[in-house]
Amino acid sequence: MQTSPVQNWLVGIATKNISQKLGTEVKIKNVSFSLFNRMNIEGMLVRDKAKDTILYAGAIKLRITDWFFIKDKSEIKYIGLEDALIQLQRKDSIWNYQFIADHLSSPPSKNKKSKPIQIDLKKIDFKNVHFISKDLWRGETIQVKVGSLVVNADSINLNKKTFRINSIDIDNPLFALSDYKGLIPDSILTKTQPIIALDTGLRMNTNNLTIRVGKIAITNGTLSIESNQNKPLPYFDGSHIYITKLNGKFNNTILVKDTLQSDVLLNAKERCGLILKKLKAHYKVTPSIMEFAKLELETNKSKLNNYYAMKFQHFNHDFSDYINEVIMDANFKDAKVSSDDIAFFAPELKLWKTVAVISGNFLGTVANFNVKNLFAKNNSATYITGNFSMKGLPNIHSTIINFKNGIIKTNYNDAGIYAPIIKQVKLPNLAALGNVLFRGNYTGTIYDFKTNGNVSSDLGSVAADVAMKLSATKDDTYSGTVTTTQFNIGKFLETDKLGTVDFKGKISGTNFSIAKLKTSIEGNISKLAFNDYTYSNITTNGIFQKKYFSGEVNIDDPNLELKSQVEIDLTKEIPIYNILGDLVKSNFKPLNFYKENVYLTGLLDIDFSASNIDNFSGSAKLLNANIGNDFNTLSFDSLNLSSGLTQNKKFLHLGSNDFSAFIIGDFRILDLQTNFQSFLHRYFPSYINAPKDNPTKQDFVFNINSNYIEPYLKLFNTKLSGFNNANIFGGIDTKKDIFNLNLSLPYGQFEKYSLTDANIFGLGNFDSLQFVGSIASVQVSDSLNFPNTHINITSSNDHSTISLKTSASNTLNEADLNAEIYTLQKGIRIHFNPSSFILNEKRWYLEKQGEISITQDYVSAQNVKFYQGFQEIVVETENEDGDYKNNLIVKMKNIVLGDITSLFFKDPKMEGLLTGEIHLHDFYGKFNIEANLNAEQFRLNNDSIGIINIKSNFIKADHLINFNVSSPNNQYNLTADGSYNFTDTATSPLDIAVHLRNFQPDCLIRFQERFPQIRRCSIK
């Protein structure tokens, strides 16, 4: 009996007998055992009635107490199972192993029950064991597979249901649960009576086991739960959980009653891409909660700590709808949460791409939760504090948000991530708000909400109590009260002229689109900055509906008082404006429309349609008006701007009793610049670039008559005189490429300069331009007058020929000047043709072929020489150290001083012969002038002085002329140092210090009387 052949022979007889009785195959390949404490079985096979395997074991090993069957207490020292497959299955109500269970069952014994043997288990060693339960009848398949399972126990008492285990090591385990529709008919399923089991009050541990395990180690585990046969969602799907690379350590694991707890350290990867890098916690699970205390959780991009629990009623059912059914209870402090990780559960957050640091107490499901004492800050400028709740995720569009006593700081870029509809708003300029800080409450969705609180931004602050609904398919609606403080509405609306506004009022309406806008506004603008002026006391009360505004706009500002009724109709292709108003007062200077005080009052009557000046049709009138300044006031009946059609030609007219201007024909005022630019480009291509757009075809004439306009001009500039009865008329015909311009001015004066009887005629085509004109008199000063001036200018392709002739004056009797000017990209070149002029009955000549070039890169002069007898003026290029430094030198020789000074003033009378040089340096850099002159035989008002030496310099950057004058004569001996400041706003820009050695005082007195602008004159 102790030999292996005998043992295998006996087992063969036994298995053959069992096979015959069961009607299936039962086979054991090899067996060896000792009486009665050891057994080894190899190649054990048991098949079911369908000849499918129920059990196959490559090896079964058992070590037990000697003669265990005659003892009350025995110890199983070792159970080993290798290469085993256990496969239970059914297609109806009968399992494939049921026939074996029936055979092994025996009728109840009539004898008194014997006391059961107490068995204590010490070690279990499973290798490559696979258990399958395929319940096709009810629709559930369970697979359990281990590569290796080693259990070292202190004691396992099956009778007392107590397990005290030192360690469990599991390698490559697999647990897979798959639910599907079973074969059981619904009619039977509904009638199936539940199995009545002993009610222990336990759900998870119905056998009331007590288990204590010191250490559990899991290596490379896999968990699969398939609750249905649908295709898994691309993100986390609670119905299709598939976890791989599961590694864990469980210390001090205890199962008592329905509570399992352990110190856990896990890492794993889920099918959706979520990686559990680290889960360390004191873990506890009951039939209704899975709790992680002292939590350290690290996923792909997130780190959580402190406490986290998941509460549920039924694990399989609730986790299959995790978002709605599993209640999360968490207490986080400085946790780092990435939106990418949340997107595994709520995929609409995938585009957020943000990481937030979060603290707070979280309670609820993903779909419905609230957070108390929330603080969250993202990796940009956004943070949020307060009490916060959301209901409706993962659909962020319909999620209800409640935010109480909150603070939110964000900016345009971050807000556009969380609410993408913001990016679709082009105007107003939301990005200009910069960092936005909100303090208040918010209730609703991101598209339908009520909010009250204060908003601070880079543009100012807004206090609001509004309700708003935003929709992609329906009209947006809004209502409430709004108060702004120093809010920069100009930047918000991208309008440079507008500045800050202080507004308080009610607003309600629908839609933000101008085509559908319906808004009621009632409020007061206490301050509004426009054109660098702050208006006050503006009230408005009106309705804007379906592109139509009707209401009142009243202004009661210290410098503008207006009462008006306004109607604006935008329903047509071209807007219509109708305004009736009373301009009670206005002053252009403080409103920054003019530099001097100009007052205007009158009645406004505006009735026109226009989207720009070219499609203006109707009229705009100012009636019973008064205009004036601090010295004078003028009244006029009306100022009228009108437009329309006459004889199928468009006209635009602006006029009053004192002036009139009109344009008639085929024209577009907005395109006039392009048309003029195209003409001028042909004449001066180096100066004028070709227009970007092709010029439109235009054919029109225009006419401007000034009538009696001088009083109006003096209101704006007292230095202007005349310009009455002036006439400007002309026309452009781009179809024929011609234009003409004619100017007639009887008299016009600005300061001391005046024109009399000026007539100028211009004619141009696409190749050349010619101006011909005559001016009866050009008055430059009291002493200098150009009478009977004739001008002839012809220009084409950067080349202009200029001819100027004057005659009949006591001082400048005659001039005949001729030149050719070449326009260059960076300057001009002047070529002088033979010219002459008579000065004090002396004819001066300009030498032939003289030429001056002035550009940004260089300045040069060649053969530029004016001469008259012994008098001579020469302009040359100055060469410094062999290099041209943009310098010119003007050399004067024996110039009769009286001929020059008499052109500008007659008193005091200066005479003498002037000789010297004037140097002009660095024209396009730090431009400066140096002069070194001397006058011989100098006389002042017939007093003979003698010699005068003059040294002077001018520096452009300083706007200052410095000079030194010396008179080294016996009777007139003096030196004078002084300066003249061009930028001096005082009335005395001239500063002179004079040192007298010998001088006639009456000469000095006459000099000071002639120049009263001297600021300081110190005399020794």
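What follows is a short conversation about reading side-chain features in a predicted model.

Colleague: Let's begin with charges. How many salt bridges does the count come to?

Modeller: Keep in mind that we are reading a predicted model. A salt bridge pairs a side-chain nitrogen of Lys or Arg with a carboxyl oxygen of Asp or Glu. By this rule the count is 17 salt bridges. A good one to open with is Arg47 and Glu25, whose closest N and O atoms are 2.7 Å apart.

Colleague: Which parts does the pair of Arg47 and Glu25 tie together?

Modeller: Look up where each partner sits. Arg47 belongs to strand E2 (residues 38-47), while Glu25 is in the loop between helix H1 (4-22) and strand E1 (26-34), so the pair links parts that are 22 residues apart in sequence. Arg47 is partly exposed, at 24% relative accessibility, and Glu25 is also partly exposed, with a value of 28%.

Colleague: And where do Glu296 and Lys278 lie?

Modeller: Glu296 and Lys278 form a salt bridge with their closest N and O atoms 3.0 Å apart. Here both partners are in strands: Glu296 in E14 (residues 289-298) and Lys278 in E13 (residues 275-286), so this bridge ties together parts 18 residues apart in sequence. For Glu296 the relative accessible area is 36%, which is partly exposed; Lys278 is partly exposed too, at 30%.

Colleague: For Glu291, is the residue buried or exposed?

Modeller: Glu291 is buried, because its relative accessible area is 14% and buried means under 20%. Its side chain meets that of Lys284 in a salt bridge, at 3.9 Å from N to O. Lys284, by contrast, counts as partly exposed, with 27% relative accessibility.

Colleague: Which residues are joined into one network by salt bridges that share partners?

Modeller: Glu25, Lys27 and Arg47 are joined that way. You have already met Arg47 and Glu25 as a bridged pair.

Colleague: Now the surface. Which residues make the nonpolar surface patch of about 300 Å²?

Modeller: To read such a patch, look for nonpolar side chains that are open to the surface and lie within 5 Å of one another. In this model, Val6, Trp9 and Ile13 make the patch of about 300 Å². Trp9 is found in helix H1, and it counts as exposed because its relative accessibility is 56%, where the cut-off is over 50%.

Colleague: How about a small polar residue? What joins the side chains of Ser795 and Ser800?

Modeller: A polar contact of 2.6 Å joins them. Ser795 is in strand E42 (residues 785-796) and is buried, with a relative accessible area of 4%. Setting aside neighbours within four places in sequence, Ser795 is in contact with Tyr683, Phe684, Asp767, Ser768, Leu769 and Ser800.

Colleague: Last topic: rings. How many aromatic pairs does a search of the whole structure find?

Modeller: The search finds 21 aromatic pairs. One of them is Trp95 with Tyr97, with ring centres 6.0 Å apart and 25 degrees between the planes. That pair counts as stacked, because planes under 30 degrees apart are classed that way. Trp95 is buried, at 19% relative accessibility, whereas Tyr97 is partly exposed, at 29%.

Colleague: Which residues form one aromatic cluster?

Modeller: Phe362, Phe369, Phe388 and Phe403 do. You can pick out those four side chains in the structure above and view them together.

Technical notes: Residues numbered from 1 in each chain as written. Predicted model: local features only at pLDDT ≥ 70, side-chain atom pairs only at ≥ 80, totals over all residues. Heavy atoms only, no water. Salt bridge = Lys/Arg side-chain N within 4 Å of Asp/Glu carboxyl O. Helix = DSSP H or I, 4+ residues; strand = E, 2+ residues; numbered from the N terminus. Buried < 20%, exposed > 50% of the residue type's maximum accessible area, 1.4 Å probe, protein only. Patch = residues over 30% accessible without salt bridge, like charges linked within 9 Å, V, L, I, M, F, W, Y side chains within 5 Å. Areas by Shrake-Rupley, 256 points an atom, 1.4 Å probe, with all protein chains shown as cover. Polar contact = N/O pair within 3.5 Å; in protein donor to acceptor, adjacent residues only side chain to side chain. Contact = heavy atoms within 4.5 Å. Phe/Tyr/Trp six-rings, centres within 6.5 Å; stacked < 30°, edge-to-face > 60°.
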